[in-house]
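Here is a short report on aromatic rings and the contacts they make. Have the sequence and the model to hand.

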Amino acid sequence: MARVKGSVWEIAPEDVVAAGLPPADAEAFVASLLRAVAGKPREGAEAAVWQAVVQLLRPEYPHALHQLVYYSVYANWDAATRGPPPYWFPSVQDCKNTNLGRLMESHGPKLLGSSYKDPITSFNLFQKFTVQHPEIYWSIVMKELSVKFQHPPKCILDRSDKSKEGGSWFPGAVLNIAECCIYPVPFQNKTDNSVAIIWRDEGFDDLPVNYVSVKELREQVMTVANALDTLFEKGDAIAIDMPMTYKAVVIYLAIILSGRVVVSIADSFVAREIATRMKVSKAKAIFTQDFIIRGGKKFPLYSRVVEGTACKTIVIPAAGTNVGLKLRTNDLSWNDFISRTSSIARPKSYSAVYMDAESVTNILFSSGTTGDPKAIPWTQLSPVRCGGDSWAHTDACSGDVLCWPTNLGWVMGPITLYSSLLTGGTLALYHGSPLGRGFGKFVQDAGVTFLGTVPSLVKTWKTSNCMGGLDWSKIRVCATTGEASDIDDDLWISSRTSYSPMLECCGGTELASSYIQGNLLQPQAFGAFSSTSMTTGLVIFDEQGNPYPDDQPCVGEMGLVPTYLGATNRLLNADHYKIYFDGMPTYRGVQLRRHGDVLQRTVGGYYIVQGRADDTMNLGGIKTSSVEIERVCNRADDNVLETAAITVKSKTGGPEQLVILAVLKDKSVKHDIDVLKRKFQKAIQSNLNPLFKVSFVKVVPEFPRTASNKLLRRVLRDQLKQQSTQSKL
């Protein structure tokens, strides 16, 4: 970390040399710095000063120099009274050229009357209008997406049925959302020859990237759809448990095109978790790979799948053209599966199965607080929300190349797929680990314009310095989700892209989108969300359920206005109303929808997520529950009486760290903390998820509880915070 000065005026050449520039360059840099801030006030104008000096900071400069300048500019900024310090600022002209800015310029004067000024000045007013009139907003946005109805809806939103908390969206509409992804769209300049997918295999980093055109994607999707028809019935649920390769995308779209339902399973799950998801979804089959290749090493996947399910398994080779192991009698290799279309006259042609807009197309899973994963059905409206929000907030459009290293088992997989293909963009996929330079070179060679991340991934890139020397100049927008962001990590990645905006996103699988999110019409601050998403009504309330006034700085649990396009209205294995509505307060006569996050609304209207209202935790971008962690840790050692799983954050933000507190049966027995930690780690990785990491273990005499014997995890968290100020965990 560079030594921070009291202001940029105090930065001397020796400070710049200490930050990594040669002496001759340091002299020139400081001279340029002083010229840039000449005439600027030395107090109260930090944002203007940063706007002036950020132009001097090049991506190739050492991170210590970016730190020196940024933290010195904002050294005296009081976030408590002024809100988070902004680092990126939109211009009126640039805003008018964005998707959302063009929409506002075209429709703002009519919808807002004389109150409309320009996309920046009128953004908050327009966002509130979309909350009050979501049907008007979505009727406009639908014309920008490649969503084609076989039978158009009777209206956008029908609120007449009071038993449906969120109303009925697009009633009467019939379509196939997968078909909308694989055909040319003239108004998006999307032709058969346009690139639909760019991809590269790990280990082939010096070879050209691979391209899949719209026509090639369509023909491959239709071939797989024909093969599916030879084995399965319409409506069958078919699982996918494999990395998000271009073949996985083909399979995903083919399942939906043929009138079936995708069951999304992350490729990191152990056999028991695979079994649970297969059982809950009633899946008839599963697509997987023989191995996962990461860093040149092979990791078994097929063996985990067959341990978890007896269903028919179709196996794709991770490398080459042939599966690298022996399959069960009832299973099929990819080649044998595709060969089932050999007797079909036109295997590359297929008539899409059209379905009601509310038909289920995808079953995803999200952990609840009971230890059981919630089976969340996506309808054909969920992808519409994905594409629409990306079009508006991240400015996704024709010519964009979107890359977000993720998996179809997590919500960001389908979101990224639809955000690319419904907006006329190109989906970029790296078949390998995103942790190293190979991924970064793919981003460079593929010409990625939109890069999505999770904070722990950015931290790895920054710490390892593996992306040095790469050209990421084509990236115009970055985004991050899944965990709380660390401000310095955001500073690092933004500086690598010449300070393109880093848009924070926070949502949920059951919402198919983000309820708070950055955009290109508002100043952005590291680690903060600049607005609720378009049409999203959000209320923050106190512990008694009383709503705080709109726009007032506050901290409390949040609730959503339920007229939310794309959000679930059912669960397959739980009571939807009980989970999302029961016990929630009403606001202006409407019962709010539960999400569970505690939000801080700051001065200036930014949002910062403070954690979960319940005991759900976020580990590496994966939501899980304390109960799940404690269930396996309680059996990890015979002398463990009970455990409490909580997460803590560092003062600078960043991903949550898992802490296991333990009460022992025999307190006289000498215990080894390191041994106990290893046992907990092994139990969690073997029974839950190998990506979960135990950061700290502590043995305590007892746990604080309520009068009804409920464990007070919040008290434990507060105690750890107090202790961490005295000693480092």
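## Charges over rings

In this predicted model, R277 places its charged end over the ring of F269, 4.1 Å from the ring centre. R385 does likewise with Y564: its charged end sits over that ring, 4.1 Å from the centre.

## Aromatic pairs

The model contains 24 aromatic pairs. One of them joins F287 and W334. Their ring centres are 6.5 Å apart, and the planes meet at 65 degrees. That makes the pair edge-to-face, because plane angles over 60 degrees count as such.

The F287–W334 pair connects distant parts of the chain. F287 belongs to strand β9, residues 285-289. W334 belongs to helix α14, residues 334-338. The two residues are 47 residues apart.

Are these two residues buried or exposed? F287 has 0% relative accessibility, so it counts as buried. W334 has a relative accessible area of 9%, so W334 is buried too.

## The Y430–F439 pair

Y430 and F439 also pair through their rings. The centres lie 5.9 Å apart and the planes stand at 75 degrees, so this pair is edge-to-face.

Y430 counts as buried because its relative accessibility is 10%, and the cut-off for burial is under 20%. F439 is buried as well, with a relative accessible area of 1%.

## A ring cluster

Which residues do ring pairs link into a cluster? The members are W50, Y70, Y71, Y74, W77, Y87, Y499 and F526.

How values were computed. Residues numbered from 1 in each chain as written. Predicted model: local features only at pLDDT ≥ 70, side-chain atom pairs only at ≥ 80, totals over all residues. Heavy atoms only, no water. Phe/Tyr/Trp six-rings, centres within 6.5 Å; stacked < 30°, edge-to-face > 60°. Helix = DSSP H or I, 4+ residues; strand = E, 2+ residues; numbered from the N terminus. Buried < 20%, exposed > 50% of the residue type's maximum accessible area, 1.4 Å probe, protein only. Lys NZ or Arg CZ within 6 Å of the ring centre and 35° of its normal.
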